[in-house]
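Trainee: Could we go through this model step by step? I will ask, and you explain how each answer is reached.

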Amino acid sequence: MKLAEKLDLSKEELINFLRQMLLIRRFEEKAAEMYMRGKIGGFLHLYIGEEAVAVGAISCLKPEDYIVTHYREHGHALVRGIEAKRIMAELFGKATGTSKGKGGSMHLFDASKGFMGGYAIVGGMMPVGVGLALASQFKEEGRVTMCFFGDGAVNQGEFHESLNLAALWKLPIVFLCENNGYGMGTHVDKTFSGSDISKLAERYDMPCCQKIDGMDVLVVRDEVMKWVERARNGGGPSFVEVMTYRFRGHSMADPLEYRNKQEEEKWKKRDPIPLFKKRLLAEAVVSEEEMALLQKEVDREVEEAVEFAEKSPFPSLESVYEDVYV
């Protein structure tokens, strides 16, 4: 039986998963280059190494569903269908960006895509996600909210408040913890007193899925799909812990002196993109030639995004008074 048939996925869907991961990787590499050239200011947190999580998880959602996430969110935004050129323009601080150049890297937002923001406050997206899920439930819209956060967020008060209310009200939300092993420069073993983060959900009578392989896009999709459908069918919230690894530092300002090379090399052997390429080639889903063309297509899209950002205008001085509450 062919891979697509075994997974109830079309060849086109499998190739699109690869394309999305390639796009995230190339976009992030180019963003790092633009940051070093002074084109991007402020903070820049890259998603390199974690591509399979965003692609696998978001593939389980419908267009009308909601996403809230953290400040390492370029990958989530790309997978959700926000144009690379609009994201790059936002990183450049240009008026054509997703937030009109006022949010920057950590605050991508597109309500038309159900992408309800990246949040710079650790754990800050969780109450927002609960609010979106409550609104969906109240209005009987059938929307599911997917809330991404890192392992560092589980030590915040809003984490526990959000899980408690979501469980109490049986809200249609999936809490997805991207456990990349580090909160900034500190290993999770030094910040979390316990063996399994996901077991925190059990305290709120919330089902949890422990230590999913976040370097395999199909494993992520298979596991997350169960919980998304459960939420959509009135089953309430769930907690999914996905084990992944960022190949770059916490941000572009991070020299990575706290990690040992053996650990890095171990994880790089499980780079989700080469692993998925190898599988697609072995299953004859795609050829080497098709893969090369796919990479060229992605490279061109990212180069066009940079060109668009370069040529776009900065926000006008008058725009400082727009899009504010008071």
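Trainee: How many helices and strands does the secondary structure of the protein come to?

Mentor: This is a predicted model, in which local features need pLDDT of at least 70, side-chain atom pairs count only at pLDDT 80 or more, and totals for chains, interfaces and linings use all residues. Residues are numbered from 1 along each chain as its sequence is written, and side-chain values use heavy atoms, with hydrogens and water left out. Helices (H or I, at least four residues) and strands (E, at least two) are DSSP runs, numbered from the N terminus. On that basis the protein has 11 helices and eight strands.

Trainee: What is the radius of gyration of the protein, and what does the globule rule give for 326 residues?

Mentor: The radius is taken over C-alpha atoms, and the rule is 2.2 Å times the number of residues to the power 0.38. The two values are close, so the protein is as compact as a globular protein of that length. The radius of gyration is 19 Å, and the rule gives 20 Å.

Trainee: What percentage of the 326 residues is buried?

Mentor: Buried means under 20% relative accessible area, exposed over 50%, and partly exposed in between (1.4 Å probe, protein chains only). By that cut-off, the buried part of the protein comes to 53%.

Trainee: In which order do the six strands of the open sheet lie?

Mentor: Two strands pair if DSSP finds at least two bridges between them. The pairing in this sheet is parallel. Its edge strands, each pairing on one side only, are β2 (115-119) and β7. The order is β2-β1-β3-β4-β8-β7.

Trainee: Which residue stands opposite Ile-67 in β2?

Mentor: Strand β1 (residues 66-70) runs parallel to β2, and three bridges join them. Opposite Ile-67 stands Phe-115.

Trainee: Which residue in β8 is the bridge partner of Cys-209?

Mentor: Strands β7 (residues 208-213) and β8 (residues 238-243) run parallel and are joined by four bridges. In β8, the partner of Cys-209 is Val-240.

Trainee: Is the β-α-β crossover from β7 to β8 right-handed or left-handed?

Mentor: The chain passes from β7 through helix α8 (residues 217-232) to β8. A crossover is right-handed if, with the strands pointing away from the viewer, the path from the first strand over the helix to the second runs clockwise. This crossover is right-handed.

Trainee: Which strands does α8 touch where it packs on the sheet?

Mentor: Contact means heavy atoms within 4.5 Å. Axes are lines fitted to C-alpha atoms, for helices over the stretch in contact, and angles run from 0 to 180 degrees between N-to-C directions. The direction of α8 makes about 160 degrees with that of β7. The strands touched are β3 (145-150), β4 (173-179), β7 and β8.

Trainee: Leaving aside neighbours within four places in sequence, which residues is Lys-211 in contact with?

Mentor: Lys-211 lies in strand β7. Its relative accessibility is 40%, so Lys-211 counts as partly exposed. Beyond those neighbours, the contacts of Lys-211 are Ser-195, Asp-196, Glu-241 and Met-243.

Trainee: Is Ala-284 buried or exposed?

Mentor: Ala-284 sits in the loop between α10 (272-282) and α11 (288-311). Although Ala-284 is not a glycine, its phi is positive, about 60 degrees. With a relative accessibility of 63%, Ala-284 counts as exposed.
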